[in-house]
Amino acid sequence: MKIESITESQSHSDISPEALLLCSIVYAFTVSMSDSFYALSFSSVMPLLLILRFRFILSSLVKLNAFNLVMIITLAVTWPSLAEGIMKGLTIAFKVNMIYIFFGTLIYPMGYAKIFSAMNGLKVPEKLRVLLLLTLRGIFILHNRFSSALISLRLRAPNLHGMMKFRAFAYITASVLLQSSERSESMMYAIKSRGGFSGFIQSEQKKFRVQEVIACLCFMFYASAIIILNYA
Amino acid sequence: MHISEGVLSGTALIAGWAGTVTCTAIGLRKTDTSKIVRTALLSSSFFLASLVNIRIGPSSTHLSLLAPVGLILGWSSFPAMLVALFLQAILFHFGGLVVLGANTFIMGTPALIVYVVFGKMIRSENKIFSGIMAFISGALAVMIGACLAGIFLGISDRNFFEAAKILFYAHIPLALIEGIVTSFMIMFLKRVSPEFLS
């Protein structure tokens with residue numbers, strides 16, 4: 001994925017980002033804590049329905065499972081018994097897939113703007129949200145400057161090796177940080193002169209609609225059923 | 001060092017979140033609004049460092065810049081790590097949102113430890129001494145992170161310890177590179193802009 005493409009929102013849901021984020025986190029916690037066969041089987045119902053609705057997730061699941069294969073082999077080799085290691089690896093791979101389908105279809109396609117808005121709705125501290133926005137801004141600035149610096153380094157010294165390579169990387173990182181820091185400090189003065197952080201993040205505080213409350217309640221019943229099946 | 005979703009048990013997840021929430025709250029309280037831009041910039045550099053691959057023989061790894069973040073930010077490194085790891089989880093699907101607590105604790109604690117232990121030493125007037133200390137802090141931060149990842153895996157299931165050992169040994173070359181890069185970075189910052197380290 002390219003840095004430039006991360007701002008696009010491809011959300012297909014009518015439910016508010018707050019409700020989706022809340023439900024997804026509850027689901028992921030529930031699945032992470034479950035170990036029984038029945039609980040995990042029941043937890044797969046909703047991700048399977050999501051796959052039917054959002055088929056685009058299938059291609060990224062292939063990549064994810066390539067990584068899972070490495071993890072299963074590692075556990076099979078390091079676990080006291082081969083069979084138990086494979087079983088543990090498969091259980092983890094199953095959980096990873098379920099959680100990934102949930103987040104990959106409902107949360108990740110929202111784009112950062114909707115996720116930030118959800119965080120505002122979920123009362124995340126303002127300082128942390130400001131830091132998140134400034135970090136995202138910093139990523140774009142540093143990425144541009146860092147890429148240009150790396151290109152010029154490759155042009156001037158295409159065959160850098162060993163210590164010289166690490167020194168060049170360290171100097172580029174430090175000088176890019178210093179340049180960006182100067183620019184960001186001036187931006188900070190501008191924010192301060194406009195009255196500080198008040199209103200820096202303009203996001204509407206929305207109340208949950210009736211259908212969202214019903215959806216959340218249904219989801220909580222689903223999560224509770226998984227927990228009950230796990231301990232039954 | 002990112003632990004993936006589904007690996008950790010409930011106890012490990014709760015322990016990770018408890019540690020992260022506490023340290024982030026302290027970090028946010030100690031972060032002055034005038035320093036928030038610098039915190040964001042170092043958080044961004046931590047995010048971007050993970051996208052730059054460095055070849056080691058047939059394999060490749062990426063830097064984390066844990067020590068520079070810790071040495072410059074101190075307590076603020078916890079909110080910085082939390083934000084960077086959150087963005088990595090939602091944008092590149094590294095780690096995940098549920099394991100974010102554990103991953104932040106694994107990355108934030110080494111940054112904080114090197115700040116407490118080496119913070120004053122790297123600001124010493126003796127350039128060679130501060131360079132050596134920066135190298136040690138860079139290498140140590142990676143190894144502490146690998147140990148913490150092993151501890152979290154061990155809390156989840158004791159049988160993970162063998163896999164955790166492999167994780168630890170795999171991080172030794174990265175620790176050496178991280179130490180070298182940290183040392184050069186700190187020396188450069190001390191020479192060009194000492195106030196950045198103040």
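Colleague: Let's start with D35(A): is its side chain in this predicted model buried or exposed?

Modeller: D35(A) is exposed, because its relative accessible area is 52% and the cut-off for that class is over 50%.

Colleague: Which residue does D35(A) pair with in a salt bridge?

Modeller: The partner is K95(A), and the closest N and O atoms of the two are 3.3 Å apart. D35(A) sits in the loop between helix 1 and helix 2 (37-43) of chain A, while K95(A) belongs to helix 5 (residues 82-106) of that chain, so the salt bridge ties together parts that are 60 residues apart in sequence. K95(A) has a relative accessible area of 5%, so this lysine is buried.

Colleague: How many salt bridges are there over all chains?

Modeller: The count comes to 3. Another one is formed by the side chains of K88(A) and D157(B), at 3.7 Å from N to O. Here K88(A) lies in helix 5 of chain A and D157(B) in the loop between helix 6 (127-156) and helix 7 (161-170) of chain B, so this pair joins two chains.

Colleague: And where do E162(B) and K165(B) lie?

Modeller: Both are in helix 7 of chain B, 3 residues apart, which is about one turn of the helix. Their closest N and O atoms are 3.4 Å apart in a salt bridge. E162(B) counts as partly exposed because its relative accessibility is 38%, and K165(B) falls in that class because its value is 44%.

Colleague: Now to cavities. How should I read them?

Modeller: Rolling a probe the size of a water molecule over the atoms shows where empty space is left. In this model there are 3 cavities of 30 Å³ or more, and the largest has a volume of about 100 Å³.

Colleague: Which helices each supply at least two residues of the lining of the largest cavity?

Modeller: They are helix 7 (126-156) and helix 8 (162-193) of chain A, together with helix 2 (36-49) of chain B. Helix 8 of chain A gives the most, with 4 residues. The lining includes F169(A) and V176(A) from chain A and L48(B) from chain B. By class, the lining has 9 nonpolar residues, 2 polar and no charged.

Colleague: Turning to the surface, which residues form the nonpolar patch?

Modeller: The patch consists of L22(A), L122(A), F208(A), V213(A), L217(A) and F221(A), with about 530 Å² of accessible area together. Helix 9 (residues 210-231) of chain A provides the largest share, 3 residues. L22(A) comes from helix 1 (residues 17-33) of chain A, and this leucine counts as partly exposed because its relative accessibility is 35%.

Methods:
Residues are numbered from 1 along each chain as its sequence is written. Chains are lettered from A and ligands numbered from 1 in the order in which they are written. This is a predicted model: local features need pLDDT of at least 70, side-chain atom pairs count only at pLDDT 80 or more; totals for chains, interfaces and linings use all residues. Side-chain values use heavy atoms; hydrogens and water are left out. On a 1 Å grid over the protein atoms alone, a cavity is a set of points where a 1.4 Å probe fits but cannot get out, and a pocket is an open set with protein on both sides within 12 Å along at least five of seven lines; lining residues have an atom within 4 Å of a point. Grid points are joined across faces, edges and corners, and a volume is the space filled by probe spheres set on the points. Ala, Val, Leu, Ile, Met, Phe, Trp, Tyr, Cys and Pro count as nonpolar, Asp, Glu, Lys and Arg as charged, and the others, Gly among them, as polar. Patches are made of residues with over 30% relative accessible area and no salt bridge: like charges are joined within 9 Å, nonpolar side chains (Val, Leu, Ile, Met, Phe, Trp, Tyr) within 5 Å. Accessible areas come from the Shrake-Rupley method with a 1.4 Å probe; for residues, only the protein chains shown count as cover. A salt bridge is a side-chain nitrogen of Lys or Arg within 4 Å of a carboxyl oxygen of Asp or Glu. Buried means under 20% relative accessible area, exposed over 50%, partly exposed in between (1.4 Å probe, protein chains only).
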